[in-house]
Amino acid sequence: MTQGTRTLISPAALARPRGKALYWTVFTSVVVLFALAFLFPVYWMATGALKSPDEVARTPPTLLPEHWHPGGYTDAWELMELPRHLGNTLVQAAGAWACQLVFCTAAAYSLSKLRPAFGKVVLGGILATLMVPAQALVVPKYLTVADLPLIHTSLLNDPLAIWLPAVANAFNLYLLKRFFDQLPREVLEAAEIDGAGKLRVLWSVVLPMSRPVLGVVSIFALVAVWQDFLWPLMVFSDTGKQPISVALVQLSQNVRLTVLIAAMVIASIPMVALFLVFQRHIIAGIGAGSTKG
Amino acid sequence: MTKTAERRPVAHPPVPPLPAPAPAGRRRRRLADQARAYGFLLGGLLCFALFSWYPAIRAVVISFQRYTPGSPPEWAGTANFTRVLDDPEFADAWRNTLTFTLLALLIGFAVPFVLALVLNELRHAKSFFHVVVYLPVMIPPVVSALLWKWFYDPGAGLANEALRLLHLPTSNWTNGTDTALVSLVLVATWANMGGTVLVYLAALRSIPGELYEAAELDGANLLQRVRHVTIPQTRFVILMLMLLQIIATMQVFTEPFVITGGGPENSTVTVLYLIYKYAFLYNDFGGACALSVMLLVLLGAFSALYLRLTRTEGDT
C-alpha cells in the first residue's frame, strides 16, 4: 500500500469510519465487477473446452466441468493442425519483428543522425502515412503484393507478404527516431573519432543505449502480427500457410464447439503469457506514450 | 577530382565564391556520407514506397478504372463511384459504420472514464486491476469475437443464461436486426477498453493534487471536483482518445465478419466489410477502391485533426 499523491478524494475523508466503510464497499464491488467482466469470460473459455459436448450445450450451464475432458485440447491440437498454424504465426511474427528491427532502426538512425539530403521530406512522407488509416488501404496493398511493380512477383501465400509491409510502420519508426534524437551527439562522435564506422556506431553505441525503446517496438511488432486478421485473411488463401487467427475462423464451422473453444484457448496463450511476463513494461509504456502525446 | 573543380565556376557563374572554397575531396566525402545515409535508409524507404505510398496512389487510380487482375485496366470514369453509390448495401454499410462508431463512442468513452476515475481512488491491488482490465486486449481479436459469438448463442449462450439468472427477458443478441449492432459494440468495447482505461489512469495521475485540495477548500463537492478539476485537466487526453477511437472503429471488420457475417439482413455490414466483399466476392476491385477512397477521405480528415491537435499541444 503506497500513499500516493492527493487524488479526487482526500485521505482525511478516507480515514473517517464512514469513508473507510465506503472505500471497502467500492473496492469490493470493483473487484467483483472486474472478475465477472474480464476474468469470468476467460475462465468460461478455459473450462468450456474441458466439458463434454453435451455438457457445454446444457442449460442451465455447469460452473465447473462435471467430468474433465482434456480431449478437447488434444483434438484441437491434432484436428485443427494447431502446431502448423501456430508455427506459421510464429514465423510471420518473428520475421516481421526482425525486419522491423533491422530496417526501421537503420532508417531511423539515418534520419536522426546521418542527415540525408531531403531527410525532412522523407520523414514527412513517412509521418503522412499515419494519417492514412491502414485498413482502408488493404485492397490496393493486396494488389501490390499480388503483383509487385517492376519485378512482377507475387508474394501471396508467402510470409514476406507479412514481413515487408510490417516495415512500413510509421509509428514504430518515429518512436525510434525520436529516441535516437535524444542520444547525445558527443558520445557518437567520440566513437567515430576512435575510428568506428557508422554501422559500428549504430551496433555498439546506439543500439545498446536504446534498449528500452527497442523493447517497446519489439512488443508492438509481435502483438500487431499475432493479432492481425484481415490482412492475413486476404494474403493467405493456402490453408496450410494460414496463421492461427485466420485458421480459427476458417475452421470454426467444421469442428465441435468444445474443440473450437480449446483451440481458442491455445491461440490466446502466447500473447497472454507475453503480457503477463512483460506486464510492467507494457502497462507503463501505454501510460507514458500517451501522456507525452 | 580536378575536373569537377574546374567545371564548378561554369555551372554556377553567379554564385559568389564561398568563404572557404570547399575542396573537391570534402565534396566527395559529403557524397559518400550521403550514399551511406541513404544506404541505411533504403530498406525502410522501399517498404514505405511499396506498401504505403504506392497503394495510396493506386487506390485513387484504380477507383477510376475497370480493374480485373491479370488483364490491362481500362479507364471507366466515375462508373465505379456511381455503381457503388447505387448499391443498396452502400447506405446500409455507412449507416451501420456510423452507428457503430457513435455507440462505441458513447459506451467506449463513458465506461472507461468512470472506471479509470474509480480505479484511481483505490489504494490496493492496483497492478491486479491494471492487468485484469488489459487482459482482453491481449486476447487475439479473432478469439474474443468467436468467444462472444458463443456467449450470444440464443440457446445455451452465457449472455441469455445471465439474463435468465436475473429473471430478465432473454434477447436475440446478434440474431436480431435491431440488437445485432449493439451486441457487436459490446464485444468491441469489452476487447478494447483496457487500453483506454490505462491511458486515462495515466492522465489522472498527472493532475496536481493541490488542485483538488484547493477545490475542496472552496467547498466543492465530489461531482463538482470531477466537473471543474478532473475533466478540464484531462480534456486533451479525452479528445485524443475520442479521435483515435473514431478512426479505429470506422475501420471495424473482424467482429462483423466473424460473429455475424454482416447479417442479419445486412444490419451489421460495415464499410470495410463491404470493401472486402467488393474485392473478394464480387471480384470488383474498381468498386472496392472507390469505397476505399471515400473511407480514406473521411478518416484522413479525422487523422489530420488528430495530428494537428497533438502537434499544437506538444509545442506548448
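Let me begin with the interior: the largest nonpolar core has 159 residues, and those with the most contacts inside it are A107(A), A263(A), M264(A), L146(B) and I275(B). Such a core is a set of buried Ala, Val, Leu, Ile, Met, Phe, Trp, Tyr and Cys residues joined through C-beta atoms within 7 Å, where buried means that 20 or more other C-beta atoms lie within 10 Å of a residue's own, exposed means 12 or fewer, and partly exposed is in between, with C-beta atoms placed from the backbone. The largest share of this core, 18 residues, comes from α8(B); helices here are DSSP runs (H or I, at least four residues), numbered from the N terminus.

Before going further, I should say that this is a predicted model, in which local features need pLDDT of at least 70 and side-chain atom pairs count only at pLDDT 80 or more, while totals for chains, interfaces and linings use all residues. Residues are numbered from 1 along each chain as its sequence is written, and chains are lettered from A, with ligands numbered from 1, in the order in which they are written.

On confidence, the predictor gives the complex an ipTM of 0.90 and a pTM of 0.88. The mean pLDDT of chain B, pLDDT being the predictor's confidence in each residue from 0 to 100, is 86, and 91% of the residues of chain B reach 70 or more. Among the elements of chain B, helix α6 (residues 141-151) has the highest mean pLDDT, 95, and helix α1 (residues 2-11) the lowest, 41. Over residues 1-18 of chain B the pLDDT is below 50, and beyond near neighbours in sequence this stretch has 3 contacts in the model. Where pLDDT is low, the predicted coordinates should not be read in detail.

How do the two chains meet? In this model 85 residues of chain B are in contact with 79 residues of chain A, a contact being two residues whose C-beta atoms, placed from the backbone, lie within 7 Å. On the side of chain B that touches chain A, the largest share, 21 residues, comes from helix α2 (residues 24-63) of chain B. That side of chain B divides into 58 nonpolar, 18 polar and 9 charged residues, with Ala, Val, Leu, Ile, Met, Phe, Trp, Tyr, Cys and Pro counted as nonpolar, Asp, Glu, Lys and Arg as charged, and the others, Gly among them, as polar. I275(B), which I named in the core, touches V139(A) as well as A288(B), L291(B) and S292(B), not counting residues up to four places away in sequence.

Turning to domains, whose bounds come from an automatic or database domain assignment, chain A is divided into domain 1 (11-74) and domain 2 (81-254), and 38 Å separate the centres of these domains of chain A, taken over C-alpha atoms. Chain B is divided into domain 1 (22-53) and domain 2 (81-315), and the C-alpha centres of the two domains of chain B lie 42 Å apart.

Within chain B, helix α4 (residues 88-121) and helix α12 (residues 271-280) pack at an angle of about 145°, with their axes 8 Å apart; axes are lines fitted to C-alpha atoms, for helices over the stretch in contact, and angles run from 0 to 180 degrees between N-to-C directions. E89(B), A93(B), W94(B) and T97(B) in α4(B) meet V271(B), Y273(B) and L274(B) in α12(B), and the residues of this contact divide into 5 nonpolar, 1 polar and 1 charged.

The loop between α11 (254-260) and α12 of chain B holds T268(B), which counts as buried because it has 28 C-beta neighbours inside 10 Å. Among the residues that T268(B) touches are N96(B), L184(B) and G263(B). P264(B) is found in the loop between α11 and α12 as well, and the peptide bond from G263(B) to P264(B) is cis, with omega near -15°.

Most residues other than glycine have a negative phi, and most peptide bonds are trans. Against that background, W173(B) has a positive phi near 50°; W173(B) sits in the loop between α7 (158-165) and α8 (180-205) of chain B and is buried, with 24 other C-beta atoms within 10 Å. A125(B), in the loop between α4 and α5 (126-138) of chain B, has a positive phi of about 55°, and A125(B) counts as partly exposed because it has 16 C-beta neighbours inside 10 Å.

Notes
Helices (H or I, at least four residues) and strands (E, at least two) are DSSP runs, numbered from the N terminus.
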